Amino acid sequence: MSKNASRPVRLMAVSLMMLSLVGALVACGTDPPTATPTSPPAAPPTPTAMPAMADTPVPADTPVPTPTADPWIAEWDALVAAAKEEGKLNAIQGGSQGRDFAGLMDHFEELFDIEVVVTTGQARGMADRVIAERANGLFEVDTWQTGGIPTGSFGRVAIADSFIPVRDWFVEPYASNPDNWLNGEWVLGDVDFEDILCYASNVRLAEWVINTDIVDPAGLQTVDDLLNWDDGQIVMTTDPRFGAEGISTITPLFVSEAGRAWYERLWNEAKPTLTTDVGQGLDGLIRGTYAIADIGGAGDTQLQEALQLGFPIAEHEVAGFPTWRVGGGGCFAIFENAPNPNAARLFGNWMLSEEGWNARVDTMNQIPEVIGGSSYNSIPLIEGYSVDHIEPRLRLAEGESWYSVQTDPNAEQIAADALAWATEVITGAGY
């Protein structure tokens, strides 16, 4: 694969048509008779000179204006050169994005000849590590990329003044213009609306995971069927009190009267087991300690690995309200004092260009285990970007339009209110 630098450009195809006219003269017949001269031929007339036109100006060629170089092109070329000089990108990608973006990171590495080192894991643990390192003067990471909302792990890192403002690194011509985004503005995922740029929102049907030795799928068709299980047989790994995953799950319920009623019944009647350890929840499901599990997007990687190993578990779609959930989908930030700041800026701008987004879609479509994952099922918040790979049912479910806390003008207050409500429900149920 070519390792030459690439920049997003528009190509215009120009067709040229040539017309050719060919004349053919054909002579035919017998030889003409020889003429008999009767008198000497007349002398040719003396040519008359054309009058001089000394005062007529000679037309000059029309000047061709010199094209003005696009400042973006020069800035991009300089950025590519500086990033190549650094030669490395240290990135954090939490949750399912470490898997879903693997193809894109390989493509970026080959395209720009820049070594990419990705750290993956649960966002909460990575946030703890990064905050502690930076407090001790260790600056080893360039970028952070996960789903996220202000009250989640991503937001904690931002509160620690770890990131540079989006306006200081975002220069890509189309996507950097807020007019080209939903609602005509960037979607910023930190409490100060300054440092974390969110570029996509997940829209997924609420799929649960069942132990196939215990659960008959025919008896688990609607969300109300979940309420019939005995105490503790359902395990929940999306506690809204500890991370963005849980908040993004309960927010659509909070804005609906039916959703609030169902959520309160779940905790008071089914009394699910609650854990923030995805591995622990999956292990209990595999062993039969639990019959049903709610594994959020942060556990997608572990879930897919368990499914491939042939354990008696399966994903199971449950109908009825709520049949959909939304989440961060994708947010990005660049660290202050990053060891490779130019490579970080190059990746951020390229990833959010039309070229980068198309490469993201293409690389996801080429990896079977990625299809269906959180990042795969995300709708871009940038107008005009492709969502052809997303099934229509994931955008709309049973007539209910998807709702995203990130695209609402009152996003911060809605998330805070949803968290306060869910905390009261869970603690009131004895947790």
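This dialogue walks through some charged and buried residues in a predicted model.

Trainee: How many salt bridges are found in the whole structure?

Mentor: A salt bridge here pairs a side-chain nitrogen of Lys or Arg with a carboxyl oxygen of Asp or Glu within 4 Å. A search of the whole structure finds six of them, and one of these joins the side chains of Arg156 and Asp128, with 2.6 Å from N to O. That pair links distant parts of the chain, since Arg156 belongs to helix 5 (residues 153–159) and Asp128 to helix 4 (residues 123–135), 28 residues apart.

Trainee: Are Arg156 and Asp128 buried or exposed?

Mentor: The cut-offs come first: under 20% relative accessible area is buried, over 50% is exposed, and anything in between is partly exposed. Arg156 has 34% relative accessibility and therefore counts as partly exposed, and Asp128, at 39%, is likewise placed in the partly exposed class.

Trainee: Which residue forms a salt bridge with Glu133, and where do the two lie?

Mentor: Glu133 pairs with Arg129, their closest N and O atoms being 3.3 Å apart, and both residues sit in helix 4, four residues apart, which is about one turn of the helix. With a relative accessible area of 17%, Glu133 is buried, whereas Arg129 is partly exposed at 33%.

Trainee: What separates Asp283 from Arg287 in helix 8?

Mentor: Because they are four residues apart in helix 8 (residues 278–287), about one helical turn lies between Asp283 and Arg287. Their side chains meet in a salt bridge of 2.9 Å, taken from N to O. Asp283 is partly exposed, having a relative accessible area of 36%, while Arg287 reaches 65% and so counts as exposed.

Trainee: Turning to charges outside such pairs, which residues form the negative surface patch?

Mentor: A patch of this kind takes in residues that have over 30% relative accessible area and no salt bridge, with like charges joined within 9 Å. In this model Asp161, Asp168, Asp192, Glu336 and Glu412 form a negative surface patch. Among them, Glu412 is located in helix 13 (residues 411–428), and its relative accessible area of 35% makes it partly exposed.

Trainee: Where is Asn90, and what is it in contact with?

Mentor: Contact is read as heavy atoms within 4.5 Å. Asn90 lies in strand 1 (residues 88–94) and, at 16% relative accessibility, it counts as buried. Apart from its neighbours within four places in sequence, Asn90 touches Val117, Glu140, Val141, Asp142, Thr143, Pro339 and Asn340.

Key: Residues numbered from 1 in each chain as written. Predicted model: local features only at pLDDT ≥ 70, side-chain atom pairs only at ≥ 80, totals over all residues. Heavy atoms only, no water. Buried < 20%, exposed > 50% of the residue type's maximum accessible area, 1.4 Å probe, protein only. Patch = residues over 30% accessible without salt bridge, like charges linked within 9 Å, V, L, I, M, F, W, Y side chains within 5 Å. Areas by Shrake-Rupley, 256 points an atom, 1.4 Å probe, with all protein chains shown as cover. Lys, Arg positive; Asp, Glu negative; His and termini not counted. Charge placed at Lys NZ, Arg CZ, Asp CG, Glu CD.
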